[in-house]
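Please find below a short note for a first reading of this structure. The points concern contacts of aromatic rings and one part of the surface.

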Amino acid sequence: MEDSSVGIRKEQNLLKQLYFWSFIAFGMISPFAVIFFKKVLVSPTGEPDVRLVGIILSLASVTGFVANLVTGYLSDKLQKGRHIISWLCLIAFVSAILVGFCGEPIVVNLSLHTRFVVLLLAVLFYRFTMMPLNALLDSETMQFLSKNGDRSQFGSYRFWGTIGWAVATPIMGFLLWHFNDYKLIHYVGAFAYLVFGYLGLKSTGEAVVKKVTIPWSNLKEDRPFQLFLIFAFVAGVVENSTSNYIGYFFDDVMTSPLRMGLIFSIWTALEIPVMIYSKKLIDLFGNKGLVIAGLILGAIKLLLFSFFTLETPFYFQLIAALIHGPAFALLFLGTIDIADRLAHDSMRATYMSVTAIARYTLAGAVGGWLGAEIISLVGGARFMQIGAVAMLLLIPLFLLLVRSERISCKKVK
């Protein structure tokens, strides 16, 4: 009979491998996907139709929300949570290949309208299958830590996802540079989902996605949280609209996809220490201080990106990319901490889900459309500058809306 401590160590290692491979798949596809859309959705004049790309990105955000609802229902109904990850990975393998197939001549030679419809359906199918995976993995990890450890250790598991992203992005950049074939984004990423799914079968944990319930009665009375949701939504529109089109912009201002892959990899470097010392940073500067610092750094990052051209020295691009890590981490940590402190004690998970809906689902749908409209009017560089100004304008909005005493920081026991 296997010693329980040995079984626990095996599960710990397996969960870390799951995070690593999930972000290998995610890193292979996500940062480059918009470039693939750009190359498939080319108008008869030879220019990419950014508005059609925007429609795909907007609908993809809503699809992810619906997918989580369906997965939560199936998890409750079938009571086979530990296998859902593997099932979804198998379907994600198929759906990713279908998206890649949209870059084959048989599809590319169709009319722009037909190409758009085929690509849209393939992307929505893919997003429907892959979007719940991280929530399921987070759930399984939290279930494991609740029984065998400390939930505050979650970051030491999620850290392996960051490593997976940092490994995957330069590899994909090299493959695209060497073969000059953007179908590889989804073809290679698809096989990473197979490894992810195989490892999921070996897990002994239970991955459960809980149904999202919106606490309407509480929200009607909770004025501070309502104001915070307004900020979360507006900030999410700015974040999603700019982040969705960074790859689209980089494709015009970098000499090779290998450089893009290196940029996407290195920008995680300074995110790691911020995540590791998150409690100390919140105690020292407060959650509001982290949000403001994240917005300022985000504005600086976008402004520096706007100066990128094909002649820009690569070292300058790398230095600018390094700002992304702390900018993202500080804003993320500060926002999550505020949402947690505003939540009622018995409804923390539900309040967090509502925050995610406002910040990612609704804001992602608006941001995907808005980013495309702005780029079509002023171009990518000016769009980055507008994003930088918007980041700075979020600071007075934040100070105006988020003033509740409930968000005051206390030492974490």
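1. In this predicted model, the charged end of Lys 16 is placed over the ring of Tyr 157, at 5.4 Å from the ring's centre. Lys 39 lies over the face of Tyr 182, with 5.0 Å to the ring centre.

2. Aromatic rings also pair with one another, and the structure holds 21 such pairs. In one of them, Phe 231 and Phe 398 have ring centres 5.0 Å apart and planes at 50°, so this pair counts as tilted. The pair links distant parts of the chain, 167 residues apart: Phe 231 belongs to helix H9 (residues 223-244) and Phe 398 to helix H17 (residues 380-401). Phe 231 is buried, with a relative accessible area of 1%; Phe 398 is buried as well, with a value of 0%.

3. Phe 250 and Phe 308 form a stacked pair, with 5.9 Å from centre to centre and 25° between the planes. Phe 250 lies in helix H10 (residues 246-253) and Phe 308 in the loop between helix H13 (278-306) and helix H14 (314-322), so the pair ties together parts that are 58 residues apart in sequence. Both residues, Phe 250 and Phe 308, are buried. They also belong to one aromatic cluster, whose members include Phe 32, Trp 267 and Phe 316.

4. The surface carries a nonpolar patch of about 580 Å², with Leu 90, Val 94, Phe 125 and Phe 191 among its residues. Helix H3 (81-101) and helix H7 (184-202) each give two or more residues to the patch, and H3 gives the most, with four. Val 94 is located in helix H3 and is partly exposed, at a relative accessible area of 41%.

Methods:
Residues are numbered from 1 along each chain as its sequence is written. This is a predicted model: local features need pLDDT of at least 70, side-chain atom pairs count only at pLDDT 80 or more; totals for chains, interfaces and linings use all residues. Side-chain values use heavy atoms; hydrogens and water are left out. Patches are made of residues with over 30% relative accessible area and no salt bridge: like charges are joined within 9 Å, nonpolar side chains (Val, Leu, Ile, Met, Phe, Trp, Tyr) within 5 Å. Accessible areas come from the Shrake-Rupley method with a 1.4 Å probe; for residues, only the protein chains shown count as cover. A salt bridge is a side-chain nitrogen of Lys or Arg within 4 Å of a carboxyl oxygen of Asp or Glu. Buried means under 20% relative accessible area, exposed over 50%, partly exposed in between (1.4 Å probe, protein chains only). Rings of Phe, Tyr and Trp (its six-membered ring) pair if their centres lie within 6.5 Å; planes under 30 degrees apart count as stacked, over 60 as edge-to-face and the rest as tilted. A charge sits over a ring if NZ of Lys or CZ of Arg is within 6 Å of the ring centre and within 35 degrees of the ring normal.
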